[in-house]
Amino acid sequence: MSHLDPYSGTEPRGWERSDRPPALPWPDREVEPWSPRQSGTDLSAVPQAPPRLPVRRHDESPDGPYDPPVAGRSFADDDAPTSQLPPVRDDDAPTAQLPPVRDDDAPTSSFTPVRDDVAARPEVDTDPPEPPPGRRSPGRRRASAARPATPQPSTGRAGRNLPAAIGVGLGLGALVLVPLFFFLPGFLAVLAGAIGVGIWEMARAVRRSGAHPPLVPLLAGGVLTIGLAWFAGPDALSLGLLVTVLGTMIWRLGDGPAGFQRDITAATLIAVYVPFLGGFAAMLAAAPGDGHLRVLVTVVGVVLSDTGGYAAGANFGKHPMAPRISPKKSWEGFAGSVVAAAAGSALLLWLIFDVAPWWGALFGVAVSVAAVLGDLAESMIKRDLGVKDMSSLLPGHGGLMDRLDSILFAVPTAYLLLAVLVPVVG
């Protein structure tokens with residue numbers, strides 16, 4: 001029987017003219033191809049051999065597409081793609097040269113076999129493996145009778161590491177008082193260093209708000225301001241502030257106009273808050289004859305205010321003073337600050353300067369109020385910037401500015417009151 005050739009006009013046997021499909025353009029994507037079922041043709045009369053499609057030899061068109069063979073069709077010897085390839089012998093197989101795998105060479109032969117009872121019950125969990133000695137599993141371990149909890153540093157009711165805070169406070173006091181009484185120019189160096197650290201902490205903190213005040217002119221201007229206040233008094237202190245702000249503006253011009261107003265505003269705040277207010281401490285110490293005593297009564301008044309406020313607030317504090325600024329400050333603590341500073345200053349000024357006790361008490365009240373306001377001012381700045389401490393430089397205290405905040409507001413108040421109560425001689 002000859003194969004049906006779809007490209008020839010010869011009709012195979014067994015086909016009737018009436019069973020021929022209508023003449024249509026082929027292939028047509030929108031017309032379904034004809035099948036004998038549509039014309040009612042008996043399928044038994046249709047030849048079972050499929051049509052033979054022309055096959056392109058692989059050696060006739062090397063660059064042309066490959067035509068896959070049709071099911072049910074046998075290739076001739078000359079049409080077979082592998083007719084010219086040599087037969088594959090057993091010794092040419094890729095694995096012919098590999099030694100056979102023995103049972104004892106199996107990669108899993110060294111593993112412990114799985115028990116039948118565990119394999120049959122996969123839902124049963126086995127005991128977890130023990131961690132290696134000397135190491136602890138990740139996570140926070142729980143304390144038990146055999147394994148007590150890790151001791152943590154003790155903190156006071158105010159949330160500070162009290163032993164570290166006391167030790168650092170005594171160290172700072174010695175750093176201030178020793179040069180103040182034995183080598184006064186050394187106190188100027190200590191003061192300039194403290195102002196420099198405070199400027200650095202403030203500039204570092206305000207960067208969280210997106211401001212970038214120039215640090216170099218602020219440091220240089222801060223040291224200049226302290227020196228001018230020490231040697232030339234109040235007028236030179238104002239001049240030092242002006243020079244610091246102008247120098248900062250000129251320095252900032254080199255970075256372009258983007259954010260200029262924001263950076264200069266932050267730099268001005270730092271220049272006023274740290275070196276300008278700190279310059280009053282330099283003028284107190286530079287007073288001829290009793291400058292070191294003026295600094296002493298001011299520092300003692302601030303220390304008494306902080307200590308009295310801490311003791312009263314930790315034991316009796318129930319009514320918040322400014323909950324949105326400093327939640328831990330209470331009116332009871334504020335009363336303790338005022339009472340402690342007033343009592344201590346009254347006694348100290350009477351013993352040192354022979355000032356009436358009520359004037360000394362007034363001095364203590366004013367210093368205490370200024371110190372509390374300074375503490376609240378820095379707390380408001382830190383809350384606005386989203387920081388808890390200005391830095392972690394001093395254990396138990398935070399940053400140096402966390403200790404200078406009260407003193408920076410107290411020294412201008414003390415300078416003005418002592419200028420009235422104890423006039424400078426000469």
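Arg 252 is buried in this predicted model, with a relative accessibility of 2%. Its side chain meets that of Asp 263 in a salt bridge, with N and O 2.7 Å apart. Arg 252 belongs to helix H5 and Asp 263 to helix H6, so the bridge ties together parts that are 11 residues apart in sequence. Is Asp 263 buried or exposed? Asp 263 counts as buried because its relative accessibility is 3%, a value that falls under the 20% limit for burial.

Asp 263 has a second partner as well. A salt bridge joins Asp 263 to Arg 262, and here the closest N and O atoms are 3.6 Å apart. Arg 262 is partly exposed, at 43% relative accessible area.

Further along the chain, Asp 375 pairs with Lys 329 in a salt bridge whose closest N and O atoms are 2.8 Å apart. This pair links distant parts of the chain: Asp 375 sits in helix H9 and Lys 329 in strand S2 (residues 326-330), 46 residues apart. Asp 375 counts as buried at 18% relative accessibility, while Lys 329 counts as partly exposed at 22%. Those two values fall on either side of the 20% cut-off, so the two residues get separate labels. Through shared partners, salt bridges join Arg 252, Arg 262 and Asp 263 into one network. The count of salt bridges comes to six, and the table sets out the ones described here.

| Salt bridge | Closest N to O distance |
|---|---|
| Arg 252 and Asp 263 | 2.7 Å |
| Arg 262 and Asp 263 | 3.6 Å |
| Lys 329 and Asp 375 | 2.8 Å |

Now for the chain as a whole. Its secondary structure comes to 10 helices and two strands. Following the sequence, the order is α-α-α-α-α-α-α-β-β-α-α-α. The chain has 426 residues, of which 31% count as buried. About 27900 Å² of the chain is exposed, and carbon and sulfur atoms supply 62% of that area. If we take contacts between residues at least 6 apart in sequence, 64% of them join residues at least 24 apart.

What about the interior? In soluble globular proteins, nonpolar side chains tend to be buried together. The largest nonpolar core here has 56 residues, and Ile 270, Tyr 273, Val 274 and Met 401 are those with the most contacts inside it. Several helices each supply at least two residues of this core, among them H2 (162-182), H3 (184-206), H4 (215-232), H7 (291-316) and H10 (401-421). Which helix gives the most to the core? That is H6, with 14 residues. Val 274 offers a good view of the packing: setting aside neighbours within four places in sequence, Val 274 is in contact with Ile 195, Gly 198, Ile 199, Met 202, Met 401 and Leu 408.

Helix H5, already met through Arg 252, is worth a second visit. Thr 244 is found in this helix. Thr 244 counts as buried, with a relative accessibility of 3%. Where does the side chain of Thr 244 reach? Its target is the backbone oxygen of Gly 221, at 3.1 Å. Not counting residues up to four places away in sequence, Thr 244 touches Pro 217, Leu 218, Gly 221, Gly 222, Thr 225 and Ala 271.

Right beside Thr 244 in the numbering comes Val 243, which is also found in helix H5. Val 243 is partly exposed, with a relative accessible area of 38%. Together with Leu 224, Leu 239, Leu 242, Leu 246 and Met 249, Val 243 forms a nonpolar patch on the surface, and the accessible area of the patch is about 480 Å². H5 gives the most to this patch, with five residues.

One last stop is a backbone detail. Most residues other than glycine have a negative phi. Asp 354 has a positive phi of about 60° although it is not a glycine. Where is Asp 354 placed? Asp 354 lies in the loop between helix H8 (331-352) and H9. Asp 354 counts as exposed because its relative accessibility is 64%, which is over the 50% limit for that label.

Notes: Residues numbered from 1 in each chain as written. Predicted model: local features only at pLDDT ≥ 70, side-chain atom pairs only at ≥ 80, totals over all residues. Heavy atoms only, no water. Core = buried A, V, L, I, M, F, W, Y, C linked by side-chain atoms within 4.5 Å. Buried < 20%, exposed > 50% of the residue type's maximum accessible area, 1.4 Å probe, protein only. Helix = DSSP H or I, 4+ residues; strand = E, 2+ residues; numbered from the N terminus. Contact = heavy atoms within 4.5 Å. Polar contact = N/O pair within 3.5 Å; in protein donor to acceptor, adjacent residues only side chain to side chain. Salt bridge = Lys/Arg side-chain N within 4 Å of Asp/Glu carboxyl O. Areas by Shrake-Rupley, 256 points an atom, 1.4 Å probe, with all protein chains shown as cover. Patch = residues over 30% accessible without salt bridge, like charges linked within 9 Å, V, L, I, M, F, W, Y side chains within 5 Å.
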